[in-house]
Amino acid sequence: MKKQVKLWVKVQQVEVDSGVESVQLPCKTTVHLPEDVRVEWRDSYRKVDVYQNGSGQPEEQIEFYKDRTEMKRDLLKTGDLSLTLKYPTDRDRDTFTCSVYNREGNVLMRKQLELQVKDCQVEVEEGADSVQLPFRTTGDLPKDTTVEWSREEPKPPMIIYVYQNDSDQPEEQNQVYRDRTEMKRDLLKTGDLSLTLKCPKDRDMGTYICSVFSRDIRRHQTVLLKVKVRTQDKDGTVDIRDRSSFTDPTPLMAEQSV
């Protein structure tokens, strides 16, 4: 007799909100691992973290994950090969693979996980004093780090705020946002790269991107800003509407051309 069985193994999913301090990608084994194995975490096409010869190998990491990953001590003894990823953002959505190799490079075990990071969304009512677009990452960033907040639409992207050489660069800012933005002091030391936008209006609704780059670091955060607008009917009824889906960009474009 003959029988066929088709085996489907679901990839484990890990879901987390954008902006949390960290997320753990679990990987555990009960099999005893020899001291000379190599533990390698990868995303779809890059090295995320490597453990070999009793310690991590940060020189093999790409800059996107630099200082943002951590594996447990005595992992070979405990069998806990889980990876902690600090300050996940929407750019970290990916399929991650943990592979264990022996000295000859043969695969001893392998596990895949799919990381889902929820979009960062901020809602505010028009007329509020200010709104904060959040972004936290690891502290003690290099002195040559540039932080740039921009807005995707209208095309081409608008520069909202630039921090470079230990100070802001107002001359690079689009005039629509002149004197309306602010970042915290010692932002490279604390890793708090949040942007405060003063007097938000319906025309400010849209997708904002914070890009962080230096010689050794590349990081990004996307924030969707929704602005609720107060409208008054003829009978005096006040209605608060979410303008995130139907804001007309014309007023913003008109002010840009001034």
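Reader: Which residues line the largest cavity?

Author: Phe-64, Arg-68, Tyr-87, Thr-89, Asp-92, Phe-135, Arg-136, Thr-137, Arg-219 and His-220 line the largest cavity. Keep in mind that this is a predicted model. The space inside comes to about 50 Å³. By class, the lining has three nonpolar, three polar and four charged residues.

Reader: How many cavities of 30 Å³ or more does the structure hold?

Author: Two. The second largest holds about 30 Å³ of space. Its lining is made of Gly-19, Val-20, Tyr-87, Pro-88, Thr-89, Phe-135, Arg-136 and Gln-221. Here the classes are four nonpolar, three polar and one charged. Tyr-87 is one of the residues on the lining of the largest cavity, and Tyr-87 also lines the second largest.

Reader: Phe-64 is on the first list. How do I read its ring contacts?

Author: A pair of aromatic rings is described by two quantities, the distance of the centres and the angle of the planes. The structure holds two aromatic pairs. In one, the rings of Phe-64 and Tyr-65 have centres 5.0 Å apart and planes at 85 degrees, so this pair is edge-to-face. In the other, the centres of Tyr-65 and Phe-96 are 6.4 Å apart and the planes stand at 75 degrees, so that pair is edge-to-face too.

Reader: Why does the Tyr-65 and Phe-96 pair tie together parts of the chain that are apart in sequence?

Author: Look at where each ring sits. Tyr-65 lies in the loop between strand S5 (55-56) and strand S6 (69-71), and Phe-96 lies in strand S8 (residues 94-101), so the pair links parts that are 31 residues apart in sequence. Phe-64, Tyr-65 and Phe-96 form one aromatic cluster.

Reader: Are the members of this cluster buried or exposed?

Author: Buried. Phe-64 and Tyr-65 are both buried. Tyr-65 has a relative accessible area of 1%. Phe-96 is buried as well, with a relative accessible area of 1%.

Reader: Which charged end sits over the ring of Phe-64?

Author: That of Arg-68, 5.1 Å from the ring centre. Arg-68 and Phe-64 also both line the largest cavity.

Reader: Now the nonpolar core. What is the general idea?

Author: In soluble globular proteins, nonpolar side chains tend to be buried together. Here the largest nonpolar core has 29 residues. Val-147, Trp-149, Met-183, Leu-193, Tyr-208 and Leu-225 touch the most other members. Among the elements giving two or more residues are strand S12 (146-151), helix H2 (187-190) and strand S18 (218-232). Strand S13 (158-164) gives the largest share, four residues.

Reader: What is the volume of the largest pocket, and which residues lie nearest its centre?

Author: The volume is about 220 Å³. Of 13 lining residues, Tyr-163, Asp-166, Asp-186, Leu-187 and Leu-188 lie nearest the centre. S13 and H2 each give two or more residues to the lining. H2 has the largest share, three residues. The classes are six nonpolar, no polar and seven charged.

Reader: How do the lining residues of the second largest pocket divide by class?

Author: Four are nonpolar, five polar and three charged. About 180 Å³ of space lies in this pocket. The lining includes Asp-49, Tyr-51, Gln-57, Glu-70 and Lys-72. S6 gives the most to it, with three residues.

Reader: Where does Cys-199 lie?

Author: In the loop between S16 and S17. Cys-199 is partly exposed, at 43% relative accessibility. Thr-181 is 18 residues away along the chain, and the C-alpha atoms of the two are separated by 9.6 Å.

Key
Residues numbered from 1 in each chain as written. Predicted model: local features only at pLDDT ≥ 70, side-chain atom pairs only at ≥ 80, totals over all residues. Heavy atoms only, no water. Phe/Tyr/Trp six-rings, centres within 6.5 Å; stacked < 30°, edge-to-face > 60°. Buried < 20%, exposed > 50% of the residue type's maximum accessible area, 1.4 Å probe, protein only. Lys NZ or Arg CZ within 6 Å of the ring centre and 35° of its normal. 1 Å grid on protein atoms, 1.4 Å probe; cavity = no way out; pocket = protein on both sides within 12 Å on 5 of 7 lines; lining within 4 Å. Points joined across faces, edges and corners; volume = space filled by probe spheres on them. Nonpolar A, V, L, I, M, F, W, Y, C, P; charged D, E, K, R; others polar. Core = buried A, V, L, I, M, F, W, Y, C linked by side-chain atoms within 4.5 Å.
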